[in-house]
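Reader: Please pick one part of this model and look at it closely. Then work outward, in plain steps, until I can place it in the whole.

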Protein chains: 2
Amino acid sequence: MFQAIADPTRRELLQLLRTGEEFPLKGITPHFSMTRAAVSKHLHILSDAGLVHERRVGRETRYRMNADPLLELRRWLAFFERYWDNKLGMLKMIAETEHEAAGAKSDQPAAQDGK
Amino acid sequence: MFQAIADPTRRELLQLLRTGEEFPLKGITPHFSMTRAAVSKHLHILSDAGLVHERRVGRETRYRMNADPLLELRRWLAFFERYWDNKLGMLKMIAETEHEAAGAKSDQPAAQDGK
DNA sequence: TTATTAGGATACCATATGGTATCCTAAATC
DNA sequence: GATTTAGGATACCATATGGTATCCTAATAA
């Protein structure tokens, strides 16, 4: 999944599909300056990561985004929230909700950040 | 930056450094089953992405994490919060504050979703 | 039935990537 | 000064990756 979103083209693909709308490969390709086959490959990689769902409709394949795997990314990101937080400490709170449902909205003092 | 965190070894490195503590290469290497040179390379990539800071102390180099570049990741992630949100919609709010993005809470069009 | 067309499957290429091995530089230590 | 040692630099290797070109399959349209 981390690998999947590491590529700029694939991130663009996700942006394109982020509305949740379903697009056929034919409709997606013109947004990029590469061949249909290349776009298809990228979509396949995204599909392997679970980030898009493919559906065959007649002779065309329609792609729709599935953001669920990105939850892992958010969970990972939560590990580092202490670095910025204070103003945005709510994010950490969210993370904690996932694990233990702690409701504290206290913002971290960033203990040893004594740069 | 996305490329930098795409590698599992580098994510482990960040986990190791996430406390904000400073570590010399010598101290980091034994945590991994690869040569010092390889670890150094990874750290360099993280450094290029701004995710760690290097500091020469005598003949050793000490590494310390800098999570700031991950803010970009969070901003990117915020684009997709609508998929999970409701309960967690605050993230989107943050994103909108950063840019101005449209915040339609409408859910899937699914117009042609005959699945 | 015959074209036409969307898109999958291969084959292939160039380059990027992760890794080791080897050598070199410079700071501690004797 | 001579020795040891941390770690950078380079060369090199194997594999992964992004991409195109080409062919094949199947659904639609004539």
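Author: Q3(A) touches R10(A) and A6(B), leaving aside residues up to four places away in sequence. A contact here means heavy atoms within 4.5 Å. This is a predicted model, where local features need pLDDT of at least 70 and side-chain atom pairs pLDDT 80 or more, while totals for chains, interfaces and linings use all residues; side-chain values use heavy atoms, without hydrogens and water. Residues are numbered from 1 along each chain as its sequence is written, with chains lettered from A and ligands numbered from 1 in the order written.

Q3(A) sits in the segment before α1 of chain A. Helices (H or I, at least four residues) and strands (E, at least two) are DSSP runs numbered from the N terminus. How exposed is Q3(A)? Its relative accessible area is 48%, so Q3(A) is partly exposed. Buried means under 20%, exposed over 50%, and partly exposed in between (1.4 Å probe, protein chains only). Q3(A) also has a far-off sequence partner in A49(A): 46 residues separate them along the chain, but their C-alpha atoms are 8.7 Å apart.

Follow the touch to R10(A). R10(A) is one of the buried residues of α1(A). The others are T9(A), R11(A), L13(A), L14(A), Q15(A) and L17(A). Helix α1(A) spans residues 8–17, and 7 of its 10 residues are buried, so the rest of the structure largely encloses it. What do these buried residues pack against? In chain A, the partners are β1, α2 (25–28), α3, β2 and β3. Chain B adds α4 (70–78).

Take α3(A) next. Helices α1(A) and α3(A) pack at about 80 degrees, with axes 10 Å apart. (Axes are lines fitted to C-alpha atoms, for helices over the stretch in contact; angles run from 0 to 180 degrees between N-to-C directions.) That angle makes α1(A) roughly perpendicular to α3(A). (Under 35 degrees is roughly parallel, over 145 roughly antiparallel, 65 to 115 roughly perpendicular, the rest oblique.) On the α1(A) side, R10(A) takes part again, with T9(A), L13(A), L14(A) and L17(A). They meet V39(A), H42(A), L43(A), I45(A) and L46(A) of α3(A).

Helix α3(A) covers residues 36–48 and lies across β2 and β3 of chain A. It runs at about 120 degrees to β2(A). Those strands belong to an open sheet of 3 strands in chain A. The order is β1-β3-β2, and the pairing is antiparallel. Two strands pair if DSSP finds at least two bridges between them. The edges are β1(A) (23–24) and β2(A) (52–57), each pairing on one side only. β2(A) is joined to β3(A) (residues 60–65) by 6 bridges. Across that pair, V52(A) faces M65(A).

Now the whole chain. Chain A has 5 helices and 3 strands. Along the sequence they follow α-β-α-α-β-β-α-α. Of the 115 residues in chain A, 45% are buried. Contacts between residues at least 6 apart in sequence tell more: 46% of them join residues at least 24 apart.

Cross to chain B, home of A6(B), which Q3(A) touches. What angle do α1(B) and α3(B) make? Helices α1(B) (8–17) and α3(B) (36–48) pack at about 80 degrees, with 10 Å between their axes. That makes α1(B) roughly perpendicular to α3(B). T9(B), R10(B), L13(B), L14(B) and L17(B) supply the α1(B) side of the contact. V39(B), H42(B), L43(B), I45(B) and L46(B) supply the α3(B) side.

The strands of chain B come next. Strand β1(B) (23–24) runs antiparallel to β3(B) (60–65), with 2 bridges. P24(B) stands opposite R62(B) there. β2(B) (52–57) is also antiparallel to β3(B), with 6 bridges. V52(B) stands opposite M65(B). The hairpin of β2(B) and β3(B) has 2 residues between the strands, and G58(B) takes a positive phi near 60 degrees.

One loop residue rounds off the tour. T29(B) lies between α2 (25–28) and α3 of chain B. T29(B) is buried, at 14% relative accessible area. It touches M34(B), T35(B), R36(B) and V39(B), not counting residues up to four places away in sequence. V39(B) is also part of the contact between α1(B) and α3(B).
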